[in-house]
Amino acid sequence: MIHGYTRTFGSMDPRQTSLVHTLPIMEHFYTLQGEGFHAGKAAYFIRTGGCDVGCHWCDVKESWDADKHPQTPIEDLVKLTSEHKGDIVVITGGEPAMYDLKETTQALHKVGKQTHIETSGVYELTGEFDWITFSPKKFKAPHASIYKGAHELKVVINHPSDLEFAEEHAEKVNDSCLLYLQPEWSKRVRMMPIIIEYTKNHPQWRISLQTHKYLNIP
Ligand code: SF4
C-alpha cells in the first residue's frame, strides 16, 4: 500500500518554497523499528530537530529547538542510509513535517529505500511516503489532510482519558488505517492493564509497545 504526497507550497506557507538542501538533524542511526506495524524490522532512523507541539511527557525534548541541531545535507543522509542493508528509512522528530520533505523522500526512493514518517500531523505533509504513522497529540490539533493518507494511527496513552481522544481520531482516519494504543513509557505500569482491557473490549485496536526500550537499543 503506497500513499504518495507531493505538494508545492504557496507564499503563505511557513516552510520554504524552494528545494530544501539541508535539514536540521538531531541524530541518525541504524536500528530496529520498535513500534507499530513495522516493529521488529531493521530501519535507518533520521530524527529532525524542531517541534512546536509541546507534549509535557515528550521523551525527546532536546529535539524541540531546531537551531541546536546541525543543518545536514540531504545528500549525506541518503548516502548514510545506503551503507546499511535495511530497506526502511524512518523520518521522525521532533516534528519532521515542519519541513519540505519532497527532495529527501525522492532521493531515498532513488536509492531503493522505503520512506516512512512519524508525525503528529500538525503540518500538511510533503514528500512521497510509503508508510505514514500519525500520532496525534492533545497539545496541538492535527491538519485535516493527515486523516486520508495515514497508514497507522498510534495514540500514546498517558492517562485513561486519552482513550477517548484516541477514539475521536479513529473516527476520522481512512478505513484501512491500523489503530494502535501505546502506553507512554513512564506510565506503562499503570496504563498497560487499562489498555489491555480496553483492547479486549474494542478489538479494532492493537497494542503498540516501545520494544526498542525493552530491548535497550536506540
Ligand atoms: Fe515530543 Fe513528538 Fe510531542 Fe513533539 S510531537 S513534543 S517530539 S512527543
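This section describes the sheet, the ligand surroundings and one exposed loop residue of a predicted model.

The sheet is open and is formed by 9 strands. Their order is 4-2-3-5-6-8-9-10-11, and the pairing is mixed. Strand 4 (71–73) and strand 11 (205–207) are the edge strands. Each of these pairs on one side only. On average, neighbouring strands of the sheet are turned by 30° against each other, direction ignored.

Strand 5 spans residues 88–92. In the strand order, it stands between strand 3 and strand 6. Strand 5 is mostly covered, with 5 of its 5 residues buried. Burial extends to both faces. Ile-88, Val-90 and Thr-92 lie on one side, and Val-89 and Ile-91 lie on the other. On one flank, strand 5 pairs with strand 3 (residues 42–48). This pairing is parallel and runs over 5 bridges. Within it, Ile-46 has Ile-91 of strand 5 as its bridge partner. Strand 5 also pairs with strand 6 (residues 114–119), again in the parallel sense, over 4 bridges. Here Ile-88 stands opposite Gln-114 of strand 6. The connection from strand 5 to strand 6 passes through helix 2 (residues 102–110). This β-α-β crossover is right-handed.

Towards the other end of the strand order, strand 10 (residues 178–183) pairs with strand 11. The two run in the parallel sense and share 3 bridges. Leu-181 has Ile-207 in strand 11 as its bridge partner. Helix 4 packs on the sheet and touches strand 9 and strand 10. The direction of helix 4 makes about 165° with that of strand 9.

The ligand is surrounded by residues from several stretches of the chain. Cys-51, Val-53, Gly-54, Cys-55, Cys-58, Val-60 and Ser-63 belong to this shell. Gly-93, Gly-94 and Glu-95 are also part of it, as are Ser-120 and Lys-137. By class, the shell holds 5 nonpolar, 5 polar and 2 charged residues.

Pro-160 lies in a loop, between strand 9 (152–157) and helix 4 (162–170). Pro-160 counts as exposed because it has 12 C-beta neighbours inside 10 Å, and the cut-off for exposure is 12 or fewer. Pro-160 and Asp-130 are 30 residues apart along the chain. Their C-alpha atoms are separated by 32 Å.

Notes
Residues numbered from 1 in each chain as written. Predicted model: local features only at pLDDT ≥ 70, side-chain atom pairs only at ≥ 80, totals over all residues. Buried ≥ 20, exposed ≤ 12 C-beta atoms within 10 Å, placed from the backbone. Pairing = 2+ DSSP bridges. Right-handed = clockwise from strand over helix to strand, strands pointing away. Near = placed C-beta within 6 Å. Nonpolar A, V, L, I, M, F, W, Y, C, P; charged D, E, K, R; others polar. Axes fitted to C-alpha atoms, helices over the stretch in contact; angles between N-to-C directions. Contact = placed C-beta atoms within 7 Å.
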